[in-house]
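Student: Got a model to go through with me? I'd like to start with the metal and then move on to any enclosed space.
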Amino acid sequence: MTTTAQDNSPKKRQRIINCVTQLPYKIQLGESNDDWKISATTGNSALYSSLEYLQFDSTEYEQHVVGWTGEITRTERNLFTREAKEKPQDLDDDPLYLTKEQINGLTTTLQDHMKSDKEAKTDTTQTAPVTNNVHPVWLLRKNQSRWRNYAEKVIWPTFHYILNPSNEGEQEKNWWYDYVKFNEAYAQKIGEVYRKGDIIWIHDYYLLLLPQLLRMKFNDESIIIGYFHHAPWPSNEYFRCLPRRKQILDGLVGANRICFQNESFSRHFVSSCKRLLDATAKKSKNSSNSDQYQVSVYGGDVLVDSLPIGVNTTQILKDAFTKDIDSKVLSIKQAYQNKKIIIGRDRLDSVRGVVQKLRAFETFLAMYPEWRDQVVLIQVSSPTANRNSPQTIRLEQQVNELVNSINSEYGNLNFSPVQHYYMRIPKDVYLSLLRVADLCLITSVRDGMNTTALEYVTVKSHMSNFLCYGNPLILSEFSGSSNVLKDAIVVNPWDSVAVAKSINMALKLDKEEKSNLESKLWKEVPTIQDWTNKFLSSLKEQASSDDDMERKMTPALNRPVLLENYKQAKRRLFLFDYDGTLTPIVKDPAAAIPSARLYTILQKLCADPHNQIWIISGRDQKFLNKWLGGKLPQLGLSAEHGCFMKDVSCQDWVNLTEKVDMSWQVRVNEVMEEFTTRTPGSFIERKKVALTWHYRRTVPELGEFHAKELKEKLLSFTDDFDLEVMDGKANIEVRPRFVNKGEIVKRLVWHQHGKPQDMLKGISEKLPKDEMPDFVLCLGDDFTDEDMFRQLNTIETCWKEKYPDQKNQWGNYGFYPVTVGSASKKTVAKAHLTDPQQVLETLGLLVGDVSLFQSAGTVDLDSRGHVKNSESSLKSKLASKAYVMKRSASYTGAKV
Ligand SMILES: O=P(O)(O)OC[C@H]1O[C@H](O[C@H]2O[C@H](CO)[C@@H](O)[C@H](O)[C@H]2O)[C@H](O)[C@@H](O)[C@@H]1O
Ligand SMILES: [Mg+2]
């Protein structure tokens, strides 16, 4: 018998990089610039308690938290009272220029803060986790709330089914650029923290681009990224209204797992991916018998599923049953003696349903006069960050009017049936309300997960405790929580009569009925510990099973790196497919003509003597001459998938199939004609060599069915003629096998850059590297373009052997094989772009027509959100110096 040596080494913890929109602290800077004030923030209680759990209780994980500091405000002393008060933010003369030392100082203060939190809360017998694990994201620009605009003013409303009127493009564009930078700042920070093997966990809709950014940044197939979406995900009919819908989906599908609060949100997300990204999805059940999807996109698979968030039930119960709260409960009870108490606590925004709640309560008092004077509704509405927005002001008015009208109709001098508090209340008051309530009323018209519902049920689970009874919960069917709390009294908040009836029914339940209901509900409350562990363990499991999977996602093209490489290269070669790459696919091939924007960009690219641009297409010479060569003679052209070539700045075409027997065309044409007769809407495109049968305009099912049949029929005799039958985009094409786009690419790369082509001469692989291109951008959408990508990969492998020391500063040879469009097809390309529009944006970036922040890439930003070493960054540095001088002069009274 063999004995194994006991392993006494400390168990290595799995590192988690947890990315949240904002660190769980409010940060204020005192007058001295080193005087930091840090206090806990309110809101996001469930997520923050998950962070806390990972920080303080678990020994299995080593957590690192990456998050924005939030708006850093200054405090100043009141001259009369000497008390510190908060200065209004965004003062023009106070742009928060912090030195490196100050930034380091705050980071240490934050670490210490977490450490002291930990010491205060942890069981001291547990081994302490590492504490230098808070990694603030700095974005100190004036008007710091700019980083929230796109998420809060565009994404949030759409995700809650609110469509804003389309705003002027300029404003939306600026918000979007800030959103991109916000995500890029996270990618940069994670770059400083990440170690191979770490799990990255990203939370919520401020960071939708981050998964793809990380995939680009690390270019590491084994990186594990999980994303949890806390908000609702709307139906595709709403989601597709977002102008940046594709960029958003593209950003998100960089994750290995995307998880939602419930099944309907995950179903909506999958349908958006199918409709907008052309993804395919396989549905199955997970171990908890809920729906999960394997979404195939950009050559890889993403797991999409749901896992409702929970609350820290142990902590809530500990906090809710203290002597102090007992006495608060007692005084509320005394204030409303002999009355039933209904409570509500919501943020006052348009989706929490406060108006619907008040209307239902009004209906209830009208329908059931016996309850008048017997019931009070204590409604606490907390103000939102957008308190001054016209929508919120309108909502406030509406709520006030309703409260007044109910109180004047059903109240008297001694009693008002609605007690409305428009304020944030402290936790102890909130817990007292939960305890004292005879009924909790939640009428949100849309939310991801309503944690008040979970907290209420948790508190009510201690029925036998002092002044707390297992009382019922009325819950909106539009709240994410209704999928979890299945035994709540579920209502449609838009139906005031039905809600009124439910209130009556709930208030009339006897003790036994209530306790039965409550014990069922209590079993349904997920705990935050469970949620955290389940999410992380299934991500770990997925990562280990993914190891053997072949299907790895192709990352998005890292455009800032492309731009840098472009700028430094001297011999640049562009290899562009046409349909589906430079121009979107349309129903009629004749209508797919270049846009004015494409011409402008191609012109600018051609004007640079370092550039050679080739269009390598399946189209025939006539089409390419008419729409491209005729207008831009500097373009090199290759027609019919490599059958013909026209060199740059040249008129003449060379036929590479001259010596090929074309007798097959008759036979192929006959078969295609037979299928055209049988398939209404289909037609044959006859080119000089290739023949294409199109079925885009047929009834889709019939077209696809006949295309399959046609392909089989053609394949039965193509070997005799050495032909290739290709499955294109709603077409079947036939051409000689020996020509393909890859052969053209081979000829163009193994060539002295800038010298005329001799098409009849063979390809020489003996050229010195510094005569061949040092930058090759190859773009294509279809499976025939894979030949080009494959060829580039082959050449790269060959160069690695031949010229190991001649790589560029990025460690490669400047080859960018990029697939366009996100169809789930497998690809050998190294990167992807979403569609022809993004192709134009990318090319526009190279010729200086488009901002770097149009779509995301990996950019290094300074602590203010400027691109490092850019003009604006240097300007900001100078301004900071001047500011520091001005400030110190104002202290000493000196003149500057
Ligand atoms: O190699 P490409 O430049 O991408 O050309 C491939 C084929 O594109 C054209 O057909 C495709 O685009 C049409 C216009 O959008 C669309 O209507 C059709 O359904 C697609 O299959 C072209 O007509 C073919 O000759 C090209 O071979
Ligand atoms: Mg194409």
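Tutor: Here is a short run through the metal site and the cavities. This is a predicted model, where local features need pLDDT of at least 70, side-chain atom pairs count only at pLDDT 80 or more, and totals for chains, interfaces and linings use all residues. Residues are numbered from 1 along each chain as its sequence is written, chains are lettered from A and ligands numbered from 1 in the order in which they are written, and side-chain values use heavy atoms, with hydrogens and water left out.

Student: Which protein donors does the magnesium ion (ligand 2) have?
Tutor: D577 (OD), D579 (O) and D781 (OD), at 2.0 to 2.2 Å. Donors are N, O and S atoms within 2.8 Å of the metal (3.2 Å for Na, K and Ca); water is not among the atoms, so sites may look incomplete.

Student: What's the spacing of those donors along the chain?
Tutor: D-x1-D-x201-D. D579, in the loop between β20 (572–576) and α19 (596–607), and D781, in the loop between β29 (775–780) and α24 (786–802), are 202 residues apart. Helices (H or I, at least four residues) and strands (E, at least two) are DSSP runs, numbered from the N terminus.

Student: D579 and D781: buried or exposed?
Tutor: Both are buried, meaning under 20% relative accessible area (1.4 Å probe, protein chains only).

Student: New topic. Where is the largest cavity?
Tutor: Domain 3 (557–650 + 740–852) and domain 4 (661–734) both contribute to its lining, so the largest cavity lies between them. Those bounds come from an automatic or database domain assignment.

Student: Which residues lie nearest its centre?
Tutor: D579, I585, H694, N731 and E733, out of 27 lining residues. A cavity is a set of points on a 1 Å grid over the protein atoms alone where a 1.4 Å probe fits but cannot get out, and lining residues have an atom within 4 Å of a point.

Terms used: Buried < 20%, exposed > 50% of the residue type's maximum accessible area, 1.4 Å probe, protein only. 1 Å grid on protein atoms, 1.4 Å probe; cavity = no way out; pocket = protein on both sides within 12 Å on 5 of 7 lines; lining within 4 Å.
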